[in-house]
Amino acid sequence: MNFRISETVKRLGAREWPVVVALLVPAAAVWGFIALADEVVEGETSHIDTAILLALRTPGNPADPLGPPWLEEVMRDFTALGGTAVLTMIALAAIGFLVMDKKPRAAFAVTVAVSGGLLISTFIKMGIDRARPDLVPHGSYVTTASFPSGHSMMAAVVYLTLAAMLARLRPDWRVRVYILLVAIIVVMLVGVSRVYLGVHWPTDVLAGWTVGSAWAMICWIVTLRLQRSGDVEPQGKT
């Protein structure tokens, strides 16, 4: 009897420890975000924010970003990858595909991840209400508060969530790593472009990456658990 209980505990531990380890990542990210938000509210990050923002501008001319004119246009292209219109189209396309592929609950999981991320971003912006950078002209149209960067956060939520779902369909670990790496690079480019265009402080982007990645990870873990219990359709099955 004791042997059977011991074997059961071992099997459960073998299945659960990756989940426990995975939960530590979003927990650490949330802790880091809270610490960063506290520093921002107290004004402790203003010096480094200003230094980085001005370092991306021509010395003596804050209106001119570093690099040739085409680089600024490229950065606008990158920043569009985190824009509301683009992310909405990608999310709706993914949800529509899942519905057509007879995975309505998986489609609902993506909907919750994206809409939940948007609500979190909105509430944090309203709560902290940080002003946009006023040291340099804005290279992109903005209307909301600065902290956290909505583009950076929602790019992390959408691209990382979809990349995690897509990666699970591939048996080759190298393909899975490649998919996730591409998503991470896109998210990073979106964030960097926001600072380069002068519409966000660097800590805004860091906060967006942090909380967006944490939320995407949490949603992925929950979806994985629901798939194992049968409440969400397993990947690759109808």
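## The largest pocket

Twenty-seven residues, written here as 27, line the largest pocket, and Gly83, Thr84, Leu118, Gly150 and Met154 lie nearest its centre. A pocket here is an open set of points on a 1 Å grid over the protein atoms alone, with protein on both sides within 12 Å along at least five of seven lines; lining residues have an atom within 4 Å of a point. The pocket holds about 570 Å³ of space. That volume is the space filled by probe spheres set on the points, with grid points joined across faces, edges and corners.

H4, H5 and H6 each supply at least two residues of the lining. H5 gives the most, with eight residues. By class, the lining has eleven nonpolar, 13 polar and three charged residues. Gly counts as polar in this scheme.

## Basis of the model

This is a predicted model, with local features needing pLDDT of at least 70 and side-chain atom pairs pLDDT 80 or more, while totals for chains, interfaces and linings use all residues. Numbering runs from 1 along each chain as its sequence is written, and side-chain values use heavy atoms, without hydrogens or water.

## Nonpolar cores

The largest nonpolar core has 26 residues. Such a core is a set of buried Ala, Val, Leu, Ile, Met, Phe, Trp, Tyr and Cys residues joined through side-chain atoms within 4.5 Å. Leu98, Val110, Val114, Tyr159, Leu160 and Val187 touch the most other members. Helices H4 (84-100), H5 (104-128), H6 (150-167), H7 (173-196) and H8 each give two or more residues to this core. H6 provides the largest share, nine residues. Helices are DSSP runs (H or I, at least four residues), numbered from the N terminus.

Leaving aside neighbours within four places in sequence, Leu98 is in contact (heavy atoms within 4.5 Å) with Lys103, Pro104, Ala106, Ala107, Val110 and Met165. A second, separate core of nine residues includes Phe33, Ile124, Phe147 and Ala207.

## Thr203 and Leu71

Thr203 lies in H8 (residues 202-229). Its relative accessible area is 8%, so Thr203 is buried. Buried means under 20%, exposed over 50%, and partly exposed in between, with a 1.4 Å probe and protein chains only. The side chains of Thr203 and Asp49 share a polar contact of 2.7 Å. Beyond four places in sequence, Thr203 touches Leu36, Val40, Thr45, Asp49, Arg130 and Phe147.

Leu71 is in helix H3 (residues 69-80). At 21% relative accessible area, Leu71 is partly exposed. Outside its neighbours within four places, Leu71 contacts Leu66 and Tyr196.

Methods
A polar contact is a pair of N or O atoms within 3.5 Å; within protein, one must be able to donate a hydrogen and the other to accept it, and residues adjacent in sequence count only if both atoms are side-chain atoms. On a 1 Å grid over the protein atoms alone, a cavity is a set of points where a 1.4 Å probe fits but cannot get out, and a pocket is an open set with protein on both sides within 12 Å along at least five of seven lines; lining residues have an atom within 4 Å of a point.
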